[in-house]
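Dear colleague,

I am handing over the structure below, together with some notes on its charged side chains. Please look through it before reading on.

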Amino acid sequence: MFKTIAGNVAGGARMHARQSGMTLLEVLLAIVVVALGMFAAAALQLQALQATDGARRDVQDVLATHTAHERARAIGELTVREP
């Protein structure tokens, strides 16, 4: 019924002359692979945002501690002990 192309294609299957393009299964598989990649990229982005927020909070804590230390030193509440 169908003419076959000379020889076999990869995997030993014979390809018909009227066959062209991609199958629905191949398209669905490609969509799944792309979707998984996008979810992985979104997860990495979320993790980076959380790490950045944590670092920002740490810097604010250090800055607040340093400011309190400098204020205490300026008004004389903070003294240095001699060894």
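Glutamate 70 has a relative accessibility of 29% and therefore counts as partly exposed, since that class lies between the limits of 20% for buried and 50% for exposed. In this predicted model, glutamate 70 forms a salt bridge with arginine 73, in which the closest N and O atoms are 2.8 Å apart. These two residues stand three apart in helix α1, so that about one helical turn separates them.

Elsewhere, salt bridges with shared partners join Asp53, Arg56 and Arg57 into one network. Aspartate 53 belongs to helix α1, which covers residues 24–74, and its relative accessible area of 29% makes it partly exposed. The salt bridge between the side chains of aspartate 53 and arginine 56 has an N to O distance of 2.4 Å, and a polar contact of 2.4 Å likewise joins these side chains. Both residues lie in helix α1, three residues apart, which is about one turn of the helix.

Aspartate 53 also forms a salt bridge with arginine 57, where the closest N and O atoms are 3.1 Å apart; because these two residues are four apart in helix α1, about one helical turn lies between them. As for the two arginines, arginine 56 counts as partly exposed at 41% relative accessibility, and arginine 57 is partly exposed with a relative accessible area of 44%.

In total, the structure holds three salt bridges.

With kind regards

Note on methods
Residues numbered from 1 in each chain as written. Predicted model: local features only at pLDDT ≥ 70, side-chain atom pairs only at ≥ 80, totals over all residues. Heavy atoms only, no water. Buried < 20%, exposed > 50% of the residue type's maximum accessible area, 1.4 Å probe, protein only. Polar contact = N/O pair within 3.5 Å; in protein donor to acceptor, adjacent residues only side chain to side chain. Salt bridge = Lys/Arg side-chain N within 4 Å of Asp/Glu carboxyl O.
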